[in-house]
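Colleague: Got a minute to walk me through this one? I'd like to start with how the chains meet.

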2 protein chains.
Amino acid sequence: MIPEATVARLPVYLRALTALADNGIRTCSSEDLASAAGVNSAKLRKDLSYLGSYGTRGVGYDVDYLRYQIAREIGVTQDWPVVIVGIGNLGHALANYSGFRSRGFRVVALLDADPALIGQTVAGVEVQPFDDLEEIVRTHDVAIGVIATPAFAAQDVADRMVAMGITSILNFAPAVLTVPEGVDVRKVDLSIELQILAYHEQRKAGGATQGAAAAAAATDGGAA
Amino acid sequence: MIPEATVARLPVYLRALTALADNGIRTCSSEDLASAAGVNSAKLRKDLSYLGSYGTRGVGYDVDYLRYQIAREIGVTQDWPVVIVGIGNLGHALANYSGFRSRGFRVVALLDADPALIGQTVAGVEVQPFDDLEEIVRTHDVAIGVIATPAFAAQDVADRMVAMGITSILNFAPAVLTVPEGVDVRKVDLSIELQILAYHEQRKAGGATQGAAAAAAATDGGAA
C-alpha cells in the first residue's frame, strides 16, 4: 500500500514529467525532477521506490518509462467516464477543461436541474436533466462524479450519486459533504494556491513584522 | 524559514480548522486535526512547531487561536488586492468564488481583451479592457495576478503583469509560463484531485491487476 501523501504527489510528478517530455527531455536526474515537482529529491526517490522505480546511477530516470509507470499506478491509463453535475460557469469551465481529457477522464454527461440549460450543448455534450443521473451511471458505468453546483444543492446531489452507485466524488461546491463509508470525496479549494502565493508575497513585501502588525489590527478583539 | 512543503500544507490546516470551528468545535487533538487535513499527526505536529504552536498536553489545540496563528503566518489576515485576466467561464467562476473573499483576497478588477465583454458586470465588478492593467495595478497596489485566459494568451499576459510590477501569478491557463527571478508562479491543475480519486477507484474496482492489464493495452508499442 502506497502512503496517501505519496499518492497525492504522483499526479504532480506525472505533470512535471509531461512538461519535461514536451521539452524533448528523455532522461532526468532525481534532482531535476524533484525541482520541477517542487519537492526535495530524497522524498522523490522515496516516493518512486514504492513503484519499484530507482533510476539508473549516473543516468537518472527514463522520462517516458517513468511516466508510464506512474500513470499505470494511478490508473490514468484507463478510461474513466465522469459525470459533471451543475453547469454554471464553473461546470462550463470544467466541461471545456483539456486537462481532464488528456489524463483519461472522459466527460460522458453534463447534468443540471435548471430547465433553461437542458438541451444546450457545452464542449460538444448536451446538458441533460439531473433526473437522468441513474440511466447515465448505468449506461456508462460511471464511477466518478463531479459536483459544481451551488453549496445548498451539493449534499442532495452527493446523496443521489451515492444511491446510484458512484463511489468517488470531486466536490467543487463550497460545502462539506457527508457520505457513507467506502465513498471517497475530495474537495477542491481554489484558494489554496493563492494562499501559498500570499505567504511568499508577504515575505517579499517586508516580511513577518508587517504581517504580524496587520494581523494584530485585523483580529483586534478576535480569536486570541 | 518554514520549509516549502509545510507552507503548502498551512492552507489545508486552515481549511480543516475553519470546518471544525463551523461545527462548534473549540479544541482538537493533533490526531483530529491531522485526520481532517489528511496528513499523519507526527507531520502535523512538526509543521505546527515551525509556528511555535505545540498545543496543550491532554487538551490539544485551541481551534480559534491556531486559526489565527496560521492565518497570520500565511498572511491572509492582510487584504490582498487581486486582478483576474480572462473573463471566460473560468474567469466568471473565479470572480464569483466565495473562497477568495473569505481568505482576504479582494478582486479589484476583471480584465479581458474581448470588446464584447467590456462593460459587463460580473460578481459586482465591471469588466475592463486589458490595457487598463497598468492603471489598476498602480491604483490598487496589486501584487497578485490571476490568469484565466486561453493557453495562447497566457505568456503575453504574464509578461505584461510582470512589467507592471506584479510579483505573484496564479496561472489557470494550460501553459507553462516563463518569468524572471523574483516572480512566483503557481499553476492550478484541476485534474490532480481527480487523479487521486482514480487511484483509489482503481483499487476499489479490483485493483492493480486490472489496472496493469489496461495500462499494457493502452501503451502497446508506446513508452516502454
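**The contact and the fold**

Modeller: Sure. This is a predicted model. The contact takes 67 residues from chain B and 68 residues from chain A.

Colleague: Which elements of chain B give two or more residues to that contact?

Modeller: Among them are the helices α1 (4-22), α4 (63-74) and α5 (89-96) of chain B. Strands β8 (168-171) and β9 (184-187) of chain B are on the list too.

Colleague: And which element gives the most to the side of chain B that touches chain A?

Modeller: α9(B), with twelve residues.

Colleague: How do the residues on that side divide into nonpolar, polar and charged?

Modeller: The side of chain B that touches chain A has 38 nonpolar, 17 polar and twelve charged residues.

Colleague: How are the two copies related?

Modeller: Chain B can be laid on chain A by a turn of 180° with a shift of 0.0 Å along the axis. The RMSD is 0.1 Å. The copies are thus related as by a two-fold rotation axis.

Colleague: Which residue of chain B comes closest to the rotation axis?

Modeller: B:Asn89, at 2.4 Å for its C-alpha.

Colleague: Why do you say the copies meet through the same surface?

Modeller: Because 100% of the interface residues of chain B are also interface residues in chain A.

Colleague: Switching to the fold. What is the strand order in the sheet of chain A?

Modeller: The order is β5-β6-β4-β3-β7-β8-β9 in chain A. That is an open sheet of seven strands with mixed pairing.

Colleague: Which strands stand at the edges?

Modeller: β5 (121-122) and β9 (184-187) of chain A. Each has a single partner strand, so one side of each is left without a neighbour in the sheet.

Colleague: Do β7 and β8 of chain A run parallel or antiparallel?

Modeller: β7 (144-147) and β8 (168-171) of chain A run parallel, joined by four bridges. A:Val146 has A:Leu170 as its bridge partner in β8(A).

Colleague: Which strands does helix α7 of chain A touch?

Modeller: Helix α7 (133-140) packs on the sheet, touching β3 (80-85) and β4 (105-112) of chain A. The direction of α7(A) makes about 165° with that of β4(A).

Colleague: Last topic, confidence. What are the scores?

Modeller: The predictor gives the complex an ipTM of 0.77 and a pTM of 0.73. Chain A has a mean pLDDT of 85, and 92% of its residues reach 70 or more.

Colleague: Where does pLDDT stay under 50 in chain A?

Modeller: Over residues 208-224 of chain A. The model has 21 contacts beyond four places in sequence for that stretch.

Definitions and conventions
Residues numbered from 1 in each chain as written. Chains lettered and ligands numbered in written order. Predicted model: local features only at pLDDT ≥ 70, side-chain atom pairs only at ≥ 80, totals over all residues. pLDDT = per-residue confidence, 0-100. Contact = placed C-beta atoms within 7 Å. Nonpolar A, V, L, I, M, F, W, Y, C, P; charged D, E, K, R; others polar. Pairing = 2+ DSSP bridges. Axes fitted to C-alpha atoms, helices over the stretch in contact; angles between N-to-C directions. Least-squares fit on C-alpha atoms with pLDDT ≥ 70 in both.
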